[in-house]
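Subject: Structure for you to look at

Hello,

Please find the structure below, with the sequence next to it. My notes on what was found follow after it, grouped by region.

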Amino acid sequence: MRKTGKVILGVAASPGILIGDSFFMRRDEFQIEEEIIDSREVEAEILRFRASISETKKELEALKEKVSERLAPELARIFDPQVMVLDDQVVNREVERRIRETKRCAEFVYKQELSKAIRALNASRDTYIRERILDINAISNRVIEKLLGIKRRSLLGVKKPAILLAHSVTPGEVVHIANENILGMALELGGGTSHVALLAKALGIPAVVGLKEDLSQFPDGTSLILDGFRGELHIEPSKKSLGRYRRETASLQKQAESYREYCAREGYTPDGRRVEVQANIELTSEIQNALERGAEGIGLFRTEYLYLIYSRFPNEAEQFRDYKLLAERMGGRPVIIRTFDFGGDKFLGSFGRSYEMNPFLGWRAIRISLDRPDFFKIQIRAILKASYYGNIKIMLPLISTKEEVLKAKQIIEEVKSSLKKEGVPFKGEVELGIMIETPSAALMAEALAPEVDFFSIGTNDLVQYTLAVDRGNELVSNLYQNYHPAVLKLIKQTIEAGHRHDLWVGLCGEMAGDPLATTLLIGLGIEELSLNPTTIPLVKRIVCTTEYERAKELASEALRCSGAPEVKDILLQDFRQRFSGVEGLQFFHLE
């Protein structure tokens with residue numbers, strides 16, 4: 001008898017909770033024979049190969065158009081890397097050369113050539129580069145299907161709603177999944193920043209990826225719980241787990257209804273303290289959802305995701321188009337665009353740096369931008385040009401010295417001068433802010449404040465750098481503590497320094513979306529919180545029902561504590577007193 005209650009941990013790629021039965025996607029295995037062709041058939045074989053490339057390209061262009069119309073133009077660009085594989089003339093000419101010389105069939109030669117590229121990518125330690133293997137495999141399969149005369153059918157033809165289990169899926173398959181009886185996806189491969197993850201999120205398909213286990217071992221019809229919030233797949237869950245998750249899904253529905261009134265309200269405490277509640281987003285396709293949930297602006301637009309969409313560094317025209325669209329869709333609401341924050345746990349791709357033993361302390365974020373002013377100037381030009389169409393602000397990530405700010409400002413002024421000479425319109429006074437993510441920046445906030453217009457505290461990195469804890473290392477995860485008094489004191493010191501220089505101070509790390517921390521952050525003096533749109537209604541409710549004076553008392557008490565557990569106990573006691581009946585809190589582990 002199979003043991004119930006097995007939980008497989010993966011990466012939360014698209015939020016949502018599902019309870020259902022499994023369906024494993026078994027692909028047709030291509031039997032590619034090393035067929036020798038007659039010399040008289042070589043040119044016909046080459047024409048057959050070219051026709052398969054042409055037909056596949058037409059299919060992809062139609063898929064791009066469908067995604068562009070249904071979701072967003074930038075998401076359609078996810079398919080550009082596959083088109084680039086098809087258009088790779090070095091590969092295509094080599095295939096044709098080998099067909100002529102070896103007299104082998106096109107499908108055999110093409111498969112061999114793309115396998116070489118896959119082996120080269122497999123050797124890379126860069127997760128982003130390795131994920132391009134999925135693009136190459138997707139194209140390889142499409143072209144070979146054409147050559148073998150295999151008709152591409154509906155993805156699954158699943159008879160009843162199910163949770164899809166698979167080794168991997170392609171971006172094109174994700175688009176088709178939305179028309180199938182598929183509730184959500186659990187995949188062995190992929191990361192949270194993969195093209196598949198981005199599409200699943202945009203389509204509202206709950207997904208967990210990176211499940212390092214053979215999912216084919218579970219028969220179709222296996223009972224599952226897919227938790228796209230926590231990145232978990234529960235196999236044949238117990239009655240207790242099923243009951244808990246059913247209550248959670250019901251709670252999510254009630255939460256959406258009970259918080260609706262707060263979506264339309266501005267973030268003000270009952271005694272008049274202004275606390276703007278804004279959204280962290282990666283794609284312009286997320287704007288509508290953020291606004292519907294009550295976002296008062298975009299407090300963090302992660303531009304590095306454009307690199308993922310384009311699978312290369314986007315040029316000025318491409319960046320300008322996306323920033324302009326963002327500004328226009330926000331209709332005058334504030335939009336904070338963070339310059340590229342590559343490195344650390346984020347993809348670097350073609351920047352060409354060697355593997356780093358400790359990437360979080362290495363070449364990343366503003367350090368890359370200042371070392372590569374050619375790339376930095378392209379981005380600044382695009383942002384400034386887009387500023388003409390809305391309320392755009394610029395934010396620099398991972399500042400650790402005043403010299404970095406001064407150098408960045410100098411480059412920005414050079415770009416402004418260049419645009420003026422060219423007669424290109426832009427807003428002359430675009431606000432410039434910096435992320436306070438390092439202890440050095442927090443401790444030197446007094447010296448940094450005169451150089452900028454605002455601070456935004458990035459608690460994810462601030463916590464790990466202050467406590468010397470790698471936030472991705474499970475062995476020391478218990479030491480990663482948002483509520484550590486040392487972290488709280490640095491936040492408080494940053495806020496006070498900013499206020500002495502008439503700067504507004506926001507916070508955009510995970511802590512901003514933690515409802516247990518909301519009252520504490522209000523009391524510390526934060527004036528803006530930027531978070532995942534999903535949590536905005538809940539945080540807004542807390543802001544709109546929390547007296548600023550009470551919050552200040554709570555913050556003072558927390559700052560006197562000697563450890564994170566003590567701080568958390570104080571916050572829990574206050575929270576339970578005021579919000580014990582609030583729906584959806586189980587997702588924040590308030591125990």
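I start with Q493, which lies in helix 20. Please keep in mind throughout that this is a predicted model.

**Two residues of helix 20**

Q493 has a relative accessibility of 32%. That value falls between the limits of 20% for buried and 50% for exposed, so Q493 counts as partly exposed. Along the chain, Q493 and E446 are 47 residues apart, yet their C-alpha atoms are separated by 8.9 Å. If neighbours within four places in sequence are left aside, Q493 is in contact with A442 and L443.

H499 is also placed in helix 20. Its relative accessible area is 30%, and H499 is therefore partly exposed as well. Which residues does H499 touch, not counting residues up to four places away in sequence? They are R273, V505, G525 and E527. The distance from H499 to F455 is 10.0 Å, C-alpha to C-alpha, with their positions 44 residues apart in sequence.

**A loop residue with distant partners**

E451 sits in the loop between helix 18 (445-448) and strand 14 (454-457). Apart from its neighbours within four places in sequence, E451 is in contact with K402, V405, L406 and K409. For one of these, V405, the C-alpha to C-alpha distance to E451 is 7.4 Å, while the two are 46 residues apart in sequence.

**Three helix pairs**

Two packed helices are described by the angle between their axes and the distance between the axes. I give both for each pair.

Helix 1 (residues 42-70) packs with helix 4 (residues 89-102) at an angle of about 155°, and their axes are 9 Å apart. An angle over 145 degrees counts as roughly antiparallel, so helix 1 is roughly antiparallel to helix 4. The crossing of helix 1 and helix 4 is right-handed. On the helix 1 side the contact is made by V42, E43, E45, I46, F49, R50 and I53, and on the helix 4 side by N92, V95, E96, I99 and R100. By class, the residues of this contact are six nonpolar, one polar and five charged.

In the second pair, helix 23 (residues 548-559) and helix 24 (residues 564-579), the angle is about 155° and the axes are 9 Å apart. Helix 23 is therefore roughly antiparallel to helix 24. Helix 23 and helix 24 cross in a right-handed way. Which residues meet where helix 23 and helix 24 pack? Helix 23 brings R550, L554, E557 and A558, and helix 24 brings V567, I570, L571, D574, Q577 and R578. This contact divides into five nonpolar, one polar and four charged residues.

In the third pair, the axes of helix 21 (residues 515-524) and helix 22 (residues 536-544) come within 10 Å and cross at roughly 40°. Because of that angle, helix 21 is oblique to helix 22. The crossing of helix 21 and helix 22 is right-handed. P515, T518, T519 and I522 in helix 21 are in contact with L538, V539, I542 and V543 in helix 22. There are six nonpolar, two polar and no charged residues in the contact of helix 21 with helix 22.

**Two residues with positive phi**

E236 has a phi near 45°, which is positive although the residue is not a glycine. E236 is found in the loop between strand 8 (232-235) and helix 9 (239-258). Its relative accessible area is 21%, so E236 is partly exposed.

D502, not a glycine either, has a positive phi of about 60°. The loop that holds D502 runs between helix 20 (485-500) and strand 15 (504-507). Is D502 buried or exposed? With a relative accessible area of 72%, D502 is exposed.

**Cysteines**

How many disulfides does the count come to? It comes to zero. C508 has a relative accessibility of 6% and therefore counts as buried. C561, at 5% relative accessibility, counts as buried too.

Regards

Key:
Residues numbered from 1 in each chain as written. Predicted model: local features only at pLDDT ≥ 70, side-chain atom pairs only at ≥ 80, totals over all residues. Heavy atoms only, no water. Disulfide = S-S within 2.5 Å. Buried < 20%, exposed > 50% of the residue type's maximum accessible area, 1.4 Å probe, protein only. Axes fitted to C-alpha atoms, helices over the stretch in contact; angles between N-to-C directions. Helix = DSSP H or I, 4+ residues; strand = E, 2+ residues; numbered from the N terminus. Parallel < 35°, antiparallel > 145°, perpendicular 65-115°, else oblique. Left-handed = near helix turned anticlockwise from the far one by under 90°. Contact = heavy atoms within 4.5 Å. Nonpolar A, V, L, I, M, F, W, Y, C, P; charged D, E, K, R; others polar.
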